[in-house]
Amino acid sequence: MRLGSLRRLGAPVALAAAGAVALSGCVASERGDEGSGGDGGKDTFVFGASAEPATLDPAFASDGESFRVARQIFEGLVGVAPGTADPEPLLAESWDISEDGLEYTFQLVEGVTFHDGTDFDAEAVCANFDRWHGWTGLASHENLSYYYKAVFGGTGDDSKYDSCEATDAATAVVTLNTPVPEMIAALSLPALSMQSPTALEEFGADDVQGTEDAPQLTEYGKEHPVGTGPYKFVEWKSGESVTLEANEDYRDEIADVKRIIFTTIADGTARRQALEAGDIDGYDLVAPADVDALDEAGFTLHNRPAFNILYLGMNQNAEPLDDPLVRQAIAHAVDKEGLAEATLPEGTEVATQFIPSTVMGYSEDVATYDYDPETAMDLLAEAGAEDLEIEFNYPTEVSRPYMPDPAAIFEAISADLEEVGITVTATAEPWSPTYIDTIQGSEKHGLHLLGWTGDYNDTYNFIGTFFGTESLEWGFDDAEVFEAIDDARNAPVEEQEAAYQHANEVLMDFLPGLPIASPVPTLVVAPDVIDYPISPVQDEVYHSITFE
């Protein structure tokens, strides 16, 4: 899940910076407006989000907090099977794919309407595809249209999308000019949800103003998001909260939650205090140090399956990280098992490659680099780099599912590197607004901590995102690596697993960086919250939640 654009699109909206006391007071006030709906008279679910959504138009979003809200309002042609990362029908009840992989025929669920009362039909499907394909100017910049461009290669003439035809009200035929093997899985992304064409046009959804570095929210993206999901937009109080209410026309049952409030609490300690005070019903990214205390206090902790990767990046534009011997030495110097035990949640899986072990293409035959300080020092000597000094970038003021405490991880790795004679120059930057720009938008970094949470169950979503082409983050150009990944992406289905295994073996021979671990992300809810829909890709829609 990409996170770098959060600051840019969210720039016009003041982010919450208040402390626990002020935020608790705000949420408590919201609580006073609750109506009665459930058996216990409670019908409002208050979630403590770590940041505001960047936008309420998910087509222009790529961050987790925007997607968390979008999943309540919008639905895609394809959904995710509960508790898994696997695609399943949602607004499309079925689909057929032509043998050449260029034509997708979607049979749509009938009788569905958008929140504005307009019909969801094949014309609406084509309008959404044509919207994405037709973006120009600022709307087509990667900062906004990241996911569409990542899946379909670009907008306009650069896109792998060709056309869409509504052959009848319940049948949409999407034609590509180049196969997109992961298209069905990718259509489960909130960024590719179906939106009301009427509302998009009425409220100027594509009329993006501002600059590439600071695009401004449209009227649609601030106040008028319209989907087919179980909840409708009510209001967005900038810097405070987003409120949704149940869609009374939704085709499936909505259990106890008739109203949702996403309140912004940036600080993890403040989120815990708000939960303990009863001001919120749950929050994400629980700090490992808080798990036992919350459990003992009776709160319900949910550990999502680890569908992520934490890694130590090595920018090969920064000498001597372009030397394979130096990269191998660093890999042998890091005690990954010790790091995971000391700094990551219980249940964390130490990584040998850049995908979790549950993802297709995981190989048992990749080159591994066991913790071996003596070998590390020998390799440094062979490379003529015994007195190596190197920059080490890490983020502050953030916790991510794959990186709950960046400073602790940095300190553990730094100590290991010092042990083999590598002196690190620490470069700490706040996650927002500068860290991601430094790592992914410039060459000015060396070793760095970062990671990735998978969006859907597809190997390319991991290694293709990292290493599918040249990038400023990794700073290398290796045809063998790029070709191995591209060959796997486009291999026949029956050959794809072996092709991705080969790609992972090529990658770990090349060793662009060091995969460290797949940590278990922990979410916590109040004791009276039942049936929270845990998902490895955070496809968690609240209409199934019940209160005790």
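The following exercises examine a sheet, a helix and a nonpolar core in a predicted model.

**Exercise 1. Determine the strand order of the six-stranded open sheet and identify its edge strands.**

Solution.
1. The order across the sheet is β16-β20-β15-β19-β17-β18, and the pairing is mixed.
2. An edge strand pairs on one side only; this holds for β16 (349-350) and for β18 (423-430).
3. Helix α12 (residues 336-343) packs on this sheet, where α12 touches β16 and β20 (513-518). The direction of α12 makes about 40 degrees with that of β20.

**Exercise 2. Describe how strand β15 is paired and how its residues are placed.**

Solution.
1. In general, strands of a sheet pair through backbone hydrogen bonds, either parallel or antiparallel.
2. β15 runs antiparallel to β19, to which seven bridges join it. With β20, β15 also pairs in the antiparallel sense, over four bridges.
3. Leu312 illustrates both pairings: its bridge partner in β19 is Leu449, and in β20 Leu514 stands opposite.
4. Strand β15 comprises residues 308-314, and seven of its seven residues are buried.
5. Asn308, Leu310, Leu312 and Met314 point one way, while Ile309, Tyr311 and Gly313 point the other way.

**Exercise 3. State the sense in which β17 and β19 pair, and name the residue opposite Asn393.**

Solution.
1. β17 (residues 389-396) and β19 (residues 447-453) are parallel, with two bridges between them.
2. Opposite Asn393 stands His448, in β19.

**Exercise 4. Check the length of helix α18 against its expected span, then locate its packing partners.**

Solution.
1. Helix α18 covers residues 493-510, which is 18 residues.
2. At 1.5 Å a residue, α18 should span 26 Å; the end C-alpha atoms are 26 Å apart, so the two values agree.
3. The buried residues of α18 are Gln496, Ala499, Tyr500, Ala503, Asn504, Val506, Leu507, Met508 and Phe510.
4. An α-helix has 3.6 residues a turn, so residues three or four places apart point the same way.
5. The buried residues of α18 pack against α11 (324-333), α16 (460-467), α17 (479-489) and β20.
6. Just after the helix, Leu511 takes a positive phi of about 55 degrees.

**Exercise 5. Characterise the largest nonpolar core and the surroundings of Leu77.**

Solution.
1. This core has 169 residues, and Leu77 and Phe129 have the most contacts inside it.
2. Its largest share, seven residues, comes from α18.
3. With neighbours within four places in sequence set aside, the contacts of Leu77 include Pro89, Trp95, Phe106, Phe120, Phe129 and Met194.
4. In soluble globular proteins, nonpolar side chains tend to be buried together.

Key
Residues are numbered from 1 along each chain as its sequence is written. This is a predicted model: local features need pLDDT of at least 70, side-chain atom pairs count only at pLDDT 80 or more; totals for chains, interfaces and linings use all residues. Side-chain values use heavy atoms; hydrogens and water are left out. Two strands pair if DSSP finds at least two bridges between them. Contact means heavy atoms within 4.5 Å. Axes are lines fitted to C-alpha atoms, for helices over the stretch in contact, and angles run from 0 to 180 degrees between N-to-C directions. The expected span of a helix is 1.5 Å times one less than its number of residues. Buried means under 20% relative accessible area, exposed over 50%, partly exposed in between (1.4 Å probe, protein chains only). A nonpolar core is a set of buried Ala, Val, Leu, Ile, Met, Phe, Trp, Tyr and Cys residues joined through side-chain atoms within 4.5 Å.
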